[in-house]
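Good morning, colleagues. Please look at the sequence and the structure together while I speak.

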Amino acid sequence: EPGLGPAWTDEPLDPRLSSAVHSLGGAAGAGFGHTTFVGVPSAFAQPYTSPAVTVRPARKRIRVGVPGQPDVVFDDADPEWLDDLPAAPLVDAPRSAGPGYTGDLFAEAERYSRLVVALLRGQRFDVIHAHDWLTFPAGQALARVTGKPLLVHVHSTEFDRSGENINQRVYDVERRGMMAALRVVCVSELTKSICTRRYGVDPTRVDVVYNGIDAEGAQPRPGDSIKSKDRIVLFLGRITMQKGPEYFISAAKRVLEKVPDTKFFMAGSGDMELRMIELAAQLGIGHRVLFTGFLRGNDVDRIFQMADCYVMPSVSEPFGIAPLEAMRNDVPTIISRQSGVSEVLTHALKVDFWDVDDIANKIVAVLRHPPLSQTLRQHGGFELRRLTWDGAAQKCIQAYQAALAGQVQPTGRF
């Protein structure tokens, strides 16, 4: 809302944060002109803490100001400081996130819920938009306090992350959020299907909004590409069960039998990284598979510009931004049919993640047949023009309007 500023504290901002705030303010014309930033203490904003990392903030009293409301004051060095905030009706949440999750994410989600209610119950807004399970409880709590319609955005489900070995606690939070919402936004028809079949969501309450990409964000300049006599096939993503890295390595073994001057790059990190290094060694191709570790920023675009082919063999991918990034960098792309992005891309080769022979055959086809590679490069760029964030934003606005109109009432609390 115009005129509403961020929360404030008695202490001056960290210079780095102050610089970031000024940068955001200067970019108002580029997208932040209608955004209100609400500050929280650094000691609170650590939902992914590790037992090996201890944050010890200086002991001081912090005052959080919300326009039109009395200030909320608490001690950010006190681990129980959030108990001083106004109590909010919350969904029942277990205290432990269970195996596979670092830290007590459920407790953090609950603390975040209480902070959100304390900071925002007096703000003016029309719709609550919560993204994925860690913010669903906060969205539900704020909706109950304010009476505003809740819209939840599902980018990934527990079935995508864990297969059939789901964390029941996470599933329960996801389902409560979906059932409490007036509208459920999914990033693909694949995700919508999971929400309706596995979570019991009424399909008439679900809107599909595909992700987009800034198509002009990182076009390679002439002469920028890195030359290599080897053909390079790229896997980029988390090296976890969801992404199917073992199928990439198994396909690499078959490709090298046909195109021996090929190197396979695995860019990313994850809990299966060591197993993939061992698998490559066991298959006798360790010298042809390079593990780069986690990449960010310009390094991502640079490795795409090195690649002759990008492969996404995901087991379950709600959408999948990486193939769009590959196509933005003029890289022929092979994607799993078990992905949301396969619903919107035509000029990408599609495979079933388990069909290692088909993956290998399509990689060989791209590497050996320049006309096919060139066609995928040329037409991929055309497809990106219709997958924009502006288009995604317009569809979100339509979902907001449907929620405000109260076209479908939530089925209750579960």
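I shall begin with the protein as a whole and then turn to some of its strands, cysteines, loops and helices.

What you see is a predicted model, in which local features need pLDDT of at least 70 and side-chain atom pairs count only at pLDDT 80 or more, while totals for chains, interfaces and linings use all residues. Residues are numbered from 1 along each chain as its sequence is written, and side-chain values use heavy atoms, with hydrogens and water left out.

First, the overall figures. The protein contains 13 helices and twelve strands; both are DSSP runs numbered from the N terminus, helices being H or I with at least four residues and strands E with at least two. Of its 414 residues, 46% count as buried. Buried here means under 20% relative accessible area, exposed means over 50%, and partly exposed lies in between, with a 1.4 Å probe and protein chains only. The accessible surface is about 20300 Å², and carbon and sulfur atoms hold 52% of that area. Such areas come from the Shrake-Rupley method with a 1.4 Å probe, and for residues only the protein chains shown count as cover. Among the contacts with a separation of 6 or more, 67% are between residues 24 or more positions apart, a contact being heavy atoms within 4.5 Å.

Let us now turn to strand β5, which covers residues 183–186. Which strands pair with β5? On one hand there is β4 (residues 150–154), which runs parallel to β5 and is joined to it by four bridges. On the other there is β6 (residues 206–208), also parallel, joined to β5 by three bridges. Two strands are said to pair if DSSP finds at least two bridges between them. V184 stands opposite V152 of β4, and V184 also stands opposite V206 in β6. From β5 the chain passes through helix α6 (residues 189–198) to β6, in a right-handed β-α-β crossover. Right-handed means that, with the strands pointing away from the viewer, the path from the first strand over the helix to the second runs clockwise.

In a regular strand the side chains alternate between the two faces of the sheet. In β5, R183 and V185 point one way, V184 and C186 point the other way, and all are buried.

R183 deserves a closer look. Its relative accessibility is 6%, so R183 counts as buried. Where does the side chain of R183 make a polar contact? One partner is the side chain of D207, at 3.0 Å. The side chain of R183 also reaches the backbone oxygen of T204, at 3.2 Å. A polar contact is a pair of N or O atoms within 3.5 Å; within protein, one must be able to donate a hydrogen and the other to accept it, and residues adjacent in sequence count only if both atoms are side-chain atoms.

At the other end of the strand we meet a cysteine, C186. How many disulfides does a search of the whole structure find? The search finds zero, a disulfide being a pair of cysteine sulfur atoms within 2.5 Å. The cysteine sulfur closest to that of C186 belongs to C195, but at 3.7 Å it is too far for a bond. C186 is buried at 0% relative accessible area, and C195 is buried as well, at 0%.

A second parallel pair is formed by β8 (residues 262–267) and β9 (residues 289–293), with four bridges between them. There, A267 stands opposite G293. The chain goes from β8 to β9 by way of helix α8 (residues 273–282), and this β-α-β crossover is right-handed.

Helix α9 (residues 298–306) has V300, D301, I303, F304 and Q305 as its buried residues. Their cover includes β7 (231–236), β8, β9, β10 (309–312) and α10.

Finally, the loops. Is Q338, in the loop between β11 (333–336) and β12 (349–351), buried or exposed? At 18% relative accessibility, Q338 counts as buried. A polar atom of its side chain lies 3.2 Å from the backbone nitrogen of F353. Leaving aside residues up to four places away in sequence, Q338 touches several others, including L190, S314, E317 and W354.

Two aspartates have a positive phi. D132, in the loop between β3 (128–131) and α3 (136–146), has a phi near 60°. D330, in the loop between α10 (322–328) and β11, has a phi of about 60° although it is not a glycine. With 31% relative accessibility, D330 counts as partly exposed.
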